[in-house]
Amino acid sequence: MIHQHPPGTGWIEVICGPMFSGKTEELIRRIHRARYARQKVQIFKPAIDVRYDQTKVVSHNGREIPSSTIDQAAEIFDLLDPESRVVAIDEAQFLDTDTVRVARVLAGEGRRVIVAGLDQDYRGQPFETMMLMMVEAEYVTKNMAICLVCGAPAHRNQRLIEASGRVILGSEAEYEARCRRCFKPLKAEEDLLFEA
Ligand code: ADP
Ligand code: MG
Ligand code: ZN
């Protein structure tokens, strides 16, 4: 729940969780509500995420909203409209950790910053940018999807294809949501903890 802040105060909201947990849906919902309040909103996403569209943020159930594409978080400063009250970033796990500094500056200027992204990769390892952002943020929402094996709430991403490499873009064919019990990491990665 977002509380009432004194005018001119900025803050950071994180929306995290696995794939299919409704992060983008929730981001779009918050943006629509800000627009009803007649607040100028800007939405950014990393260029790497071209799954549905170059210039739109699209949820798995087909909701969409126009966005600007960036390679690095600092580009937000170049594209920023000084009038923007709300700055939203989707798929922030694919952006550099400098995103945290950028969000801090924007919030320091009195803007509301909403950052959505995966908190963990297909091995259950934290994505650094989201991990750091959760510490920096005033509000953290952690969504869960539904485990496709047993129907329990799911907080992990099970990769379904044989591939190594942290970033393999994909959707239902490549990943599914799994709960702790049904998640099966690769053997060698089972005991791996965060490597800084
Ligand atoms: P995210 O941005 O977290 O990947 P989206 O907001 O794009 O999620 O999509 C959420 C939608 O995905 C849900 O409303 C539902 O329609 C769909 N969906 C597909 N698979 C699942 C699943 N395993 N659990 C929950 N929702 C799912
Ligand atoms: Mg999404
Ligand atoms: Zn399960």
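**Exercise 1. Identify which elements supply at least two residues each of the shell around ligand 1, and then describe that shell.**

Solution. Begin with the secondary structure: in this predicted model, helix H1 and strand S9 (145-146) are the elements that each supply at least two residues of the shell around ligand 1. Of the contributions to this shell, that of H1 is the greatest, at 3 residues. Next, turn to the individual residues, where Phe20, Lys23, Thr24, Glu25 and His60 come nearest among the 15 residues around ligand 1. Finally, sort the shell by class, which gives 7 nonpolar, 6 polar and 2 charged residues.

**Exercise 2. Determine what lies opposite the oxygen atoms of ligand 1 at His60, Ser21 and Asn61.**

Solution. Start with the backbone: a polar backbone atom of His60 is 2.6 Å from an oxygen atom of ligand 1, and a backbone N or O atom of Ser21 lies 3.1 Å from an oxygen atom of the ligand. Then consider the side chains, where an N or O atom of Asn61 is found 3.5 Å from an oxygen atom of ligand 1. As a last step, take the surface into account: ligand 1 has 580 Å² of accessible area on its own, and the protein covers 78% of it.

**Exercise 3. Describe the largest pocket and its lining.**

Solution. First comes the volume, which is about 600 Å³ for the largest pocket. The lining consists of 25 residues, of which Ile2, His3, Trp11, Gln39 and Arg112 are the closest to the centre of the pocket. Two or more lining residues come from each of helix H1 (23-36) and strand S8 (139-142), and H1 gives the most, with 5 residues. By class, the lining divides into 10 nonpolar, 8 polar and 7 charged residues.

Definitions and conventions: Residues are numbered from 1 along each chain as its sequence is written. Chains are lettered from A and ligands numbered from 1 in the order in which they are written. This is a predicted model: local features need pLDDT of at least 70, side-chain atom pairs count only at pLDDT 80 or more; totals for chains, interfaces and linings use all residues. Side-chain values use heavy atoms; hydrogens and water are left out. On a 1 Å grid over the protein atoms alone, a cavity is a set of points where a 1.4 Å probe fits but cannot get out, and a pocket is an open set with protein on both sides within 12 Å along at least five of seven lines; lining residues have an atom within 4 Å of a point. Grid points are joined across faces, edges and corners, and a volume is the space filled by probe spheres set on the points. Helices (H or I, at least four residues) and strands (E, at least two) are DSSP runs, numbered from the N terminus. Ala, Val, Leu, Ile, Met, Phe, Trp, Tyr, Cys and Pro count as nonpolar, Asp, Glu, Lys and Arg as charged, and the others, Gly among them, as polar. A residue is near a molecule or strand if one of its heavy atoms lies within 4 Å of it. A polar contact is a pair of N or O atoms within 3.5 Å; within protein, one must be able to donate a hydrogen and the other to accept it, and residues adjacent in sequence count only if both atoms are side-chain atoms. Accessible areas come from the Shrake-Rupley method with a 1.4 Å probe; for residues, only the protein chains shown count as cover.
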